[in-house]
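Student: I am new to this structure and should be grateful for a close look at the part that a database record marks as a binding site. Please describe the surroundings of its residues in one connected account.

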Amino acid sequence: MTAFSSDFLRIIHERGFVDSCTHADELDALLKKEVVSAYIGYDCTAPSLHVGSLVSIMLLRWLQKTGHRPIVLMGGGTTRVGDPTGKDEARKVLTDEAIAANMAGIKSVFSKYLTFGDGPTEAVMVNNADWLDDLSYIGFLRDYGPHFSVNRMLTFDSVKLRLEREQHLSFLEFNYMILQAYDFLKLARRDGVRLQMGGADQWGNIVNGVELGRRCDGLSLYGLTVPLMTTASGAKMGKSAQGAVWLNEDQLSTYDFWQFWRNTEDADVGRFLRLFTELPLDEIARLEALGGAEINEAKKVLAHEATTLAHGAAAATAAAETARAVFEQGGVGEDLPTITVPSDELAAGLLAPALFTRAGLTASNGEAKRLIKGGGARLNDAPVGDIGRMITDADLKDGEIKLSAGKKNHALVRVG
RNA sequence: GGAGGGGUGGUCGAGUGGUUAAAGGCACCGGACUGUAAAUCCGGCGGGGUAACCCUACGUUGGUUCGAAUCCAACCCCCUCCA
């Protein structure tokens, strides 16, 4: 399974996207023979996707680039059930309103990475609520229930782990894999989809769909998973200073997004360049071979490329420029988070801890005081020193005040 | 329905009447060292207050007590076995 002849499998294999794949040789031949429709499902559990999902989005992008048709499945129906995979406890049941709002946020990401339309290789977005919401219970059970073995279902990790850990698993959640399998069958029948892809944790769910297609319609369906993304030091990937690394700009600024990539661990640079950029492999090989501090150049390239894909070249350049000004010159940049304070308030003076919290650098006044006592808080690059420090318009420098919490978190205060 | 076990801070997990805002680990945040890396070491880690101090918190609601996460009652939820 090393020498694939189809562009898609060859490229994604070279770039490290493939964790496992069903009938790789057959799929390879199919991809050479015809335009293949493949889908990945996204549940609407948050208002945006984050970098954890980015691997699969890049996968769809490569699929389209190599002449096939990506289908983005929004889990409007399955989100109402809740995927138990990888969770110790049932997720809180989301309201239909929350699901709809989340879906709206998630949808917007894909247009950055894929070209949608009606052409043979243009992407399509579908919603499984369209067919799941109206299923009739008895009819569904009679049609598809016989194809699922409970004995077998109990052996899938998503279920098995819950049982082994003696964690509650509701019947509602237990049905998730059946619905996901049905999704695949439905898309195969309706849109001729032949391949489902997803994260490594989705393997069991995907295989169920492959088998359901064969049992019901004698279809040859395929599944492919990407590795679970972790950093070289073992942490789950996707934390920034602000929390999760969201793909939507309204959830995470382009500057913070850029910074996330810039702060990649050395050991991850090559892998991330292959997965999250489209640079040629020989160029990546050169970049990851850089030693010592030089590897920072590779990280900048990574940050620029990844940010360009997500937010556009202008945003990436602006973020890079701000980062350069802030880190390499110790100054300020346009992209730093900025708050505006009324001039009379500033003239009257504001306590440093309160201003830090107001600027979003600390979560509470207490935290701000601790930060100041610990020496991590700076005002115009000078340690604040005293928790009773008053900040006034006398602290303005070129019309703004730079606040810093640690070396990486900065904010600007302007008068307005 | 019956019997037994359990619900502690973001998380895991101690604590079983007072010095417990609650040991310890992880996560997280600062600092040192560096390269805006990793590893390591140091400090911090509920909220408000400059502080004294006040408030909130150990499933929920009541009760006993000078005093409860710790004892009692009822209720809710989870687990195991039985029917």
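Tutor: The UniProt record, an unreviewed entry, assigns the feature "binding site" to Tyr 39, Tyr 176 and Gln 180. UniProt positions follow the numbering used here, feature names are shortened, and annotations may be inferred rather than shown by experiment. The model is predicted: local features need pLDDT of at least 70, side-chain atom pairs count only at pLDDT 80 or more, and totals for chains, interfaces and linings use all residues. Residues are numbered from 1 along each chain as its sequence is written, chains are lettered from A and ligands numbered from 1 in the order in which they are written, and side-chain values use heavy atoms, without hydrogens or water.

Tyr 39 belongs to strand β2, residues 37-43, whereas Tyr 176 is part of helix α10, residues 176-191. Such elements are DSSP runs numbered from the N terminus: helices are H or I of at least four residues, and strands are E of at least two.

Tyr 39 counts as buried because its relative accessibility is 1%. Tyr 176 is likewise buried, at 5%. Buried means under 20% relative accessible area, exposed over 50%, and partly exposed in between, with a 1.4 Å probe and protein chains only.

Contact means heavy atoms within 4.5 Å. Beyond its neighbours within four places in sequence, Tyr 39 is in contact with residues including Gln 180, Ile 71, Asp 183 and Met 197; Gln 180 is itself one of the annotated positions. With the same kind of exclusion, up to four places away in sequence, Tyr 176 touches Asp 43, Thr 78, Val 81, Gly 82, Asp 83, Pro 84 and Asn 205.

The side chains of Tyr 176 and Asp 43 are also joined by a polar contact of 2.6 Å. A polar contact is a pair of N or O atoms within 3.5 Å; within protein, one must be able to donate a hydrogen and the other to accept it, and residues adjacent in sequence count only if both atoms are side-chain atoms.
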